[in-house]
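Visitor: I have a structure with a ligand and many helices. Please show me how to read it.

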Amino acid sequence: MAMREKSNARKLLMSRQIIRKNSEDWELIPNLLDYDAARDHFSWEHEMTLLDGLPAGGLNIAHEAVDRHAAGDRREHTALRWLDKSGEVTDFTYGDLSLLTNRFANVLRELGVQKGDRVFALCERIPSLYITALGTLKNGSVFCPLFSAFGPEPLRARLSIGEATVLVTSEALYRRKVAALRENLPQLRHVLLIREQAEGNLPADTQDFQQLLNHASEEFSIENTDPEDPALLHFTSGTTGKPKGALHVHEAVLAHHASARLALDLHPQDVFWCTADPGWVTGTSYGIIAPLVIGATMIVDQQEFDPERWYSILRDHKVSVWYTAPTAVRMMMKVGSELAKQYELPSLRFMASVGEPLNPEAVMWGEEAFGLPFHDNWWQTETGGIMIANFLSQPIRPGSMGRPLPGIEAAVVRLDKDGTLQVIDDPDQEGELALKRGWPSMFRTYLYEEERYQKCFHGEWYLTGDLARRDEDGYFWFVGRADDVIKSSGHLIGPFEVESTLMEHPAVAEAAVIGVPDPMAGEIVKGFVSLKPGFEAGEALQQEIMALARKRLGPAVAPRQIQIEPTLPRTRSGKIMRRLLKARELGLPEGDTSTLEGNE
Ligand code: AMP
């Protein structure tokens, strides 16, 4: 198709609305039927009445997610269905999960792990990870998931900033990535290893997770946590500086529950599959907490993406609500809709996507391949839960992130030259996406970086760092990031973390990292380096730098391309101009270069 035709076709797609059914036709009445009425009638106080609370007046995520169901008529209902790599199924009922997480909470208590102490997990998607997360919350400690594809450097940074007291990991991951870091992590008192074989010696200063669990009691009374007590720590990245630990509290469970009901239309009878890894916020908020709080069955697949396996899971386990990501959708599109159509999926009734822009073509491809569109929604680590969504019962605008959830105020804002914040009421104007502060899953700080936290707020508005516009019907459209962070396969990558690692190579004098568009991953990481005197640019050196980055950072974060340049563009104050490197890379106008060094 010629360029112009293609862009016209795209415009046409984006101006379309997908209106699904009349409300009388729903086989299961959607939790949100009338958007305006739902917003008008919503209150967080009412949302609390849908949950339990603790007997002594507190609130605890694990109680809402597990124990309240285990104590009632959902005790025998499957909470977690785990598929191991070979596809073998293990089911855990709410009753099972309650007892197992009690055991882990007792393990922590017996180890002397206190309320507020941080328990990190570095695991593949295996049942022990879920038991660790929920048992930690029962003990009143803070759960922090780490992505198992991280290399030693991102792990060291996060364990150290987060002052991990406990790490639960597999023996293989420990030996490969953590053992050598141990002497630099003095706060890390307990390392609990999940072992494939119980024989053989444990590495020094570690304990056997399963053995501790086997010996622990099944009786536990949940710590009476306050709604404002810390519960979850999720690391995210900014343009500069170290990774940021966004801290969330137990009250977040109100937003997990409300968004699961309203944005994902989850009902207790649903089989829900969130494909995200719990190493990232989506995989915890929606891959652990939200489906359990609803009382649904959640699918956990240990294996990585494979289209045939995924379609078989949807079919064989009768998945009814599916939450995935644009990179996965694009990979399925590449394989083609014919494969998808070979699988009959009568149970599937709702599909949603998050993490990166979902192109309108992908929304429509859902209709072609599954007979259902993908519903895009938007949120981020700091918001803790879905903030903006295309809803099941509402018209979808392909290419738009949707409209704010009940209980959430979103706006497009701009800061004037004098620093005053202007809310832009006119439609279709670009500005920064902002949210009115105060929703329950809002992060409460960046760990030990209160100043950085405060800078995210302007009066009553939280500034998200995303650029967006709102159309006249209140739908929000993603425009881009206001900063230099990179989104690759849905994972947020801070350029500074990558640059610091590139600088560790003895030949590298300066380094800058940008995201360049990629048809599958959205963006891939590209590094630019200049060399110290005495080093010669060439393919071999390029490969060597790339190999170092992969080893230190892991494949999810390391650059896929390295380019050696004589010098990197800097401002007169010495800051490397990533923006300029990006413009040059993409053949875009270079913009204002008046501050460029050498442009006096
Ligand atoms: P993270 O904190 O890793 O979840 O990343 C959050 C960022 O991902 C947001 O600030 C956006 O830049 C991007 N993002 C998330 N959802 C969407 C979406 N539906 N459309 C476009 N960008 C998104």
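Visitor: How do the residues of the shell around the ligand divide into nonpolar, polar and charged?

Guide: Ala, Val, Leu, Ile, Met, Phe, Trp, Tyr, Cys and Pro count as nonpolar; Asp, Glu, Lys and Arg count as charged; the others, Gly among them, count as polar. Here the shell has eight nonpolar, four polar and five charged residues. This is a predicted model: local features need pLDDT of at least 70, side-chain atom pairs count only at pLDDT 80 or more, and totals for chains, interfaces and linings use all residues. Residues are numbered from 1 along each chain as its sequence is written, and side-chain values use heavy atoms, with hydrogens and water left out.

Visitor: Which residues come nearest to the ligand?

Guide: A residue is near a molecule if one of its heavy atoms lies within 4 Å of it. Of the 17 residues around the ligand, the nearest are Asn377, Gln380, Thr381, Arg481 and Lys487.

Visitor: Where are ligand oxygen atoms in contact with polar side-chain atoms of Thr381 and Asp466?

Guide: A polar contact is a pair of N or O atoms within 3.5 Å. The side chain of Thr381 has an N or O atom 2.5 Å from a ligand oxygen. For Asp466, a polar side-chain atom lies 2.9 Å from an oxygen atom of the ligand. The protein buries 95% of the 500 Å² that the ligand exposes when taken alone (Shrake-Rupley method, 1.4 Å probe).

Visitor: Which element gives the most to the shell?

Guide: Strands are DSSP runs (E, at least two residues), numbered from the N terminus. β14 gives the most, with three residues.

Visitor: How are two packed helices described?

Guide: By the angle between their axes and the distance between the axes. Helices are DSSP runs too (H or I, at least four residues). Axes are lines fitted to C-alpha atoms over the stretch in contact (heavy atoms within 4.5 Å), and angles run from 0 to 180 degrees between N-to-C directions. Helices α5 (residues 94–111) and α6 (residues 127–138) pack at about 65 degrees, with axes 8 Å apart.

Technical notes
A polar contact is a pair of N or O atoms within 3.5 Å; within protein, one must be able to donate a hydrogen and the other to accept it, and residues adjacent in sequence count only if both atoms are side-chain atoms.
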